[in-house]
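Student: Could you take me through a few features of this structure, giving the general idea before each case?
Tutor: Yes, let us go through them in turn.

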Amino acid sequence: MKTLISADNVWALWAVLTGIAAISIWLEQKYKWAGKVTGCVLALIFAMILSNLRVIPVDSPTYDNVWGYVVPLAIPMLLFNANVKKIWKESGRLLVIYLISGIGTIAGAFLASGLLKNHIPEIYKAAAMMTGTYSGGSVNLVAMADAFGATGDIVTASVVADNLLMAIYFFVLIAIPTMNFFLKKYSHPIIDQIEKEGESEEGKTRAAQFWAPKSVSLKDIAFTIAISFIIVAISSEIAGFLSKVIPTGNLGLDLLNGLLGNKYLIITTITMLLATKFSGFFGSVGGAQEIGTFLIHIFFAVIGVPASISLIVTKSPILLIFCTIIVFTNLIVTLLFGKIFKFNLEEMMLAANANVGGPTTSAAMAIAKGWDKLIVPTILCGTLGYVLGNYYGVLVGNIIKGW
């Protein structure tokens, strides 16, 4: 479809994406209502509106560059203060609720398939793809489409439905921790701590207090950007090498290949080790968190762009219902068992996010909410989903195929 800004107008698209990020951050710090919504969700909404009004295209190589360059660079910047000694202790609880949340995805796939099997041809293919993508991220959807020989039409319709639903679901996950109903029913120690810290400065939003001006020098900016580029470059080489040399063929080897061959996990690991070994240096570098968070806002804008409502209406309304059943079954199971086993609300929301969106979106949510100590654990869980999602998808697809 023709848009005001064409897909190959790189400068104009970058102007829109960075402008959306900047305005969203300003609104979050200026107005309390925007602070509750968060700047990341505002960026997503603004981009979704512009794409549906055909101001910007729903697909462009520029957006691919955000996934390929902006997100990897943001991760090390946001982990300059990571303490590896606390990581495994803090990730253990999140891993448990993450695995429980994944069961919700599987249950949702069976439920959706049972309800809609007479309305979606070869529904087992859609079930495999959506189970995969809602257990780790979009990379699993592509793998399952190839594994089950899904046609281009069903893949396109699934991706369109997935994009819109992901945008809506992220908004729901970010909104839930602000709702009194959930705050009364679940424990939320991190939210309580943030609220307590935010009481000292009257008249300012929580975001404005958190992002109060700090001392940042030219050297800080130079080291932040240079170190992040170096970490990403080295991590990409290591991950590419390991993915080639580690064999596959059984559960153990596939798991090892999927984890050690994933650049996000390598980026996280290298940054944590450096930040722990040289904590004095990395802790003194100013601006890393600010730059990284700005980049994450650009990423959220890109998430909102493909959510084309017109394509949903014309191509995949039934698949949207199919995906909705799966995703909200995941949420219900997460909240139900999270309550039974006394998990915190913050852990449950990130576990659901890590399943549906993968490590990048769950980390972005942790950053947007100020849940800093859960950033690394949610990246670890989401990365594991890249591997588990394929197994879940194959399992669900084959069972439903035999119905």
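Student: How many disulfides does a search of the whole structure find?
Tutor: A disulfide is a pair of cysteine sulfur atoms within 2.5 Å, and a search of the whole structure finds zero of them. This is a predicted model, in which local features need pLDDT of at least 70 and side-chain atom pairs count only at pLDDT 80 or more, while totals for chains, interfaces and linings use all residues. Residues are numbered from 1 along each chain as its sequence is written, and side-chain values use heavy atoms, with hydrogens and water left out.

Student: Is C323 buried or exposed?
Tutor: Buried means under 20% relative accessible area, exposed means over 50%, and partly exposed lies in between, with a 1.4 Å probe and protein chains only. C323 is buried at a relative accessible area of 0%, and C381 is buried as well, at 2%.

Student: How many residues of helix α6 are buried?
Tutor: Helices (H or I, at least four residues) and strands (E, at least two) are DSSP runs, numbered from the N terminus. In helix α6, residues 123-133, 11 of the 11 residues are buried, so the helix is largely enclosed by the rest of the structure. Among the buried residues of α6 are K125, Y124 and M129.

Student: At what angle do the axes of α1 and α3 cross?
Tutor: Axes are lines fitted to C-alpha atoms, for helices over the stretch in contact, and angles run from 0 to 180 degrees between N-to-C directions. The axes of α1 (residues 10-30) and α3 (residues 39-52) come within 8 Å and cross at roughly 135°. Angles under 35 degrees count as roughly parallel, over 145 as roughly antiparallel, 65 to 115 as roughly perpendicular and the rest as oblique, and α1 and α3 are therefore oblique to each other.

Student: Which residues of α1 meet α3?
Tutor: Contact means heavy atoms within 4.5 Å. On the α1 side V16, I20, I23, S24, L27 and E28 take part, meeting G39, L42, A43, F46, A47 and L50 in α3.

Student: Which residue in the loop between α3 and α4 has a positive phi?
Tutor: R54, in the loop between α3 and α4 (61-77), has a positive phi of about 65° although it is not a glycine, and R54 is partly exposed at 42% relative accessible area. K342, also a residue other than glycine, has a positive phi near 60°; K342 sits in the loop between α18 (317-340) and α19 (345-357) and counts as exposed, at 68% relative accessibility.
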